[in-house]
There are 2 protein chains.
Amino acid sequence: MSTLGYALLSLLARGPATGYELTRLMKTPIGHFWVAQHSQIYPELARLAEIGHVVVREDAGPGPRAKKTYTITESGREALTRWLPQPPAVVPRSEIGLKAYAVRSADAGEMAALYEAIAAEAAGKVAAYRQELDQMSDDPDDPRFGNYAVLKLGVVSHQGMCEWATWLATRLRQVGSPT
Amino acid sequence: MSTLGYALLSLLARGPATGYELTRLMKTPIGHFWVAQHSQIYPELARLAEIGHVVVREDAGPGPRAKKTYTITESGREALTRWLPQPPAVVPRSEIGLKAYAVRSADAGEMAALYEAIAAEAAGKVAAYRQELDQMSDDPDDPRFGNYAVLKLGVVSHQGMCEWATWLATRLRQVGSPT
DNA sequence: ATTTTCATGTAATCTGTTACATGATTAC
DNA sequence: GTAATCATGTAACAGATTACATGAAAAT
């Protein structure tokens, strides 16, 4: 099973949904940490149905095809429950970090401007996530506690990014200047 | 050009190297933010040579094939310099964040243990990176300043992860307990 | 003797993105 | 009437992983 499969099971564990709805649900808050297009989601749902982790109900759809509502099965819930406590795979892919390594291969002023922009964007996200968090319950027994945890990770991630990018921009502004 | 191509150019901007050496060089510190296997690196180097961003020199190798040393060209440097100040693409893929969303679909105690392990690992990395940073120059005019910047990003990232995972583990230990 | 390091490649597979394709209903 | 939303799919391509393949030299 692919990670996307588990992402979909995570959403379906909260209630039945169509592929279209899952595409929207993937955007927030999961999308802050795992993105997927509908072209990837539809075939994955078919695979989940094939192995019995979800069941499908077909109704008349608005377009030429039937609308399909997916419901997680007991086997799907078990698979999710077994997957969750396992050590997560970390595959680092951050262009920001990569560019930092080569920072001296470009103009210092231009790179400072880049990191200032990155810092500003990160600060904006921190503020937005914080505002959302303020309206939510931080009770771990709340069924929506997962949303709270994800947003909180978003806050610390972007907070750190903002601090680092600000530091780097400041340092780059000093390039060529006397000590 | 793919991101990996620019990653290789970033390394070659510091000096000529073979594919084998680049495979090792990708591991640290770049590898903390962008990983690549040799099976991906060798064909990418061939592509870079084809478009003239690097030149190859062949020498007798230890095995059945010639050893190839790659040197960045002026065109390669220019491509790198143009790429660096552009806004980096951010493609979120973090299993840790994904699992946080579904945290209530597994046993709270088991998940608490997971986040405690994640926090411990992150703390270890913070300590290791800090030790390395202490022996390095934070002068932005230093040619190895990029290494410093990357490690510093590693510190803030894992620092944030550690704090968050500790908070989450603590919260999960409260599940089912009275307020 | 055996394992590790040096050194390069290909093939099969999996994952993910972009683009193409269809068509009803609702809102403006 | 035009655009957005609802709703599902496929095809072509790009990017990345795992496994297969070869062989010398150096270290244990």
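Glu95 of chain A sits in helix H5, which runs over residues 95-101 of chain A. Keep in mind that this is a predicted model. Glu95(A) is buried, yet it has no salt bridge. The nearest side chain of opposite charge belongs to Lys99(A), 4.2 Å away. A salt bridge needs the nitrogen and the carboxyl oxygen within 4 Å, so this pair does not count as one.

What is Glu95(A) in contact with, leaving aside its neighbours within four places in sequence? The list is Thr3(B), Trp34(B), Trp83(B), Pro88(B) and Ala89(B). Those are residues of chain B, which brings me to the interface.

In total, 66 residues of chain B are in contact with 65 residues of chain A. The size of an interface is often given as the accessible area lost when the parts come together. Here the buried area is about 6100 Å², and carbon and sulfur atoms give 68% of that. Leu84(B), Leu98(B) and Tyr101(B) supply 13% of the area that chain B buries against chain A, more than any other three residues.

Now the polar side. Between the two chains there are two salt bridges. One of them joins the side chains of Asp138(A) and Arg171(B), at 2.5 Å from N to O. There are also 30 residue pairs in polar contact across the interface, counting pairs with both residues at pLDDT 80 or more.

Which elements of chain B give two or more residues to the side that touches chain A? They are helices H1, H4, H5, H6 and H7. H7(B) has the largest share, 16 residues. By type, that side of chain B divides into 41 nonpolar, 14 polar and eleven charged residues.

Note on methods:
Residues are numbered from 1 along each chain as its sequence is written. Chains are lettered from A and ligands numbered from 1 in the order in which they are written. This is a predicted model: local features need pLDDT of at least 70, side-chain atom pairs count only at pLDDT 80 or more; totals for chains, interfaces and linings use all residues. Side-chain values use heavy atoms; hydrogens and water are left out. Contact means heavy atoms within 4.5 Å. Buried area is the accessible area (1.4 Å probe) that two parts lose on being put together, summed over both. A polar contact is a pair of N or O atoms within 3.5 Å; within protein, one must be able to donate a hydrogen and the other to accept it, and residues adjacent in sequence count only if both atoms are side-chain atoms. Helices (H or I, at least four residues) and strands (E, at least two) are DSSP runs, numbered from the N terminus. Ala, Val, Leu, Ile, Met, Phe, Trp, Tyr, Cys and Pro count as nonpolar, Asp, Glu, Lys and Arg as charged, and the others, Gly among them, as polar. Buried means under 20% relative accessible area, exposed over 50%, partly exposed in between (1.4 Å probe, protein chains only). Lys and Arg count as positive and Asp and Glu as negative; His and the chain ends are not counted.
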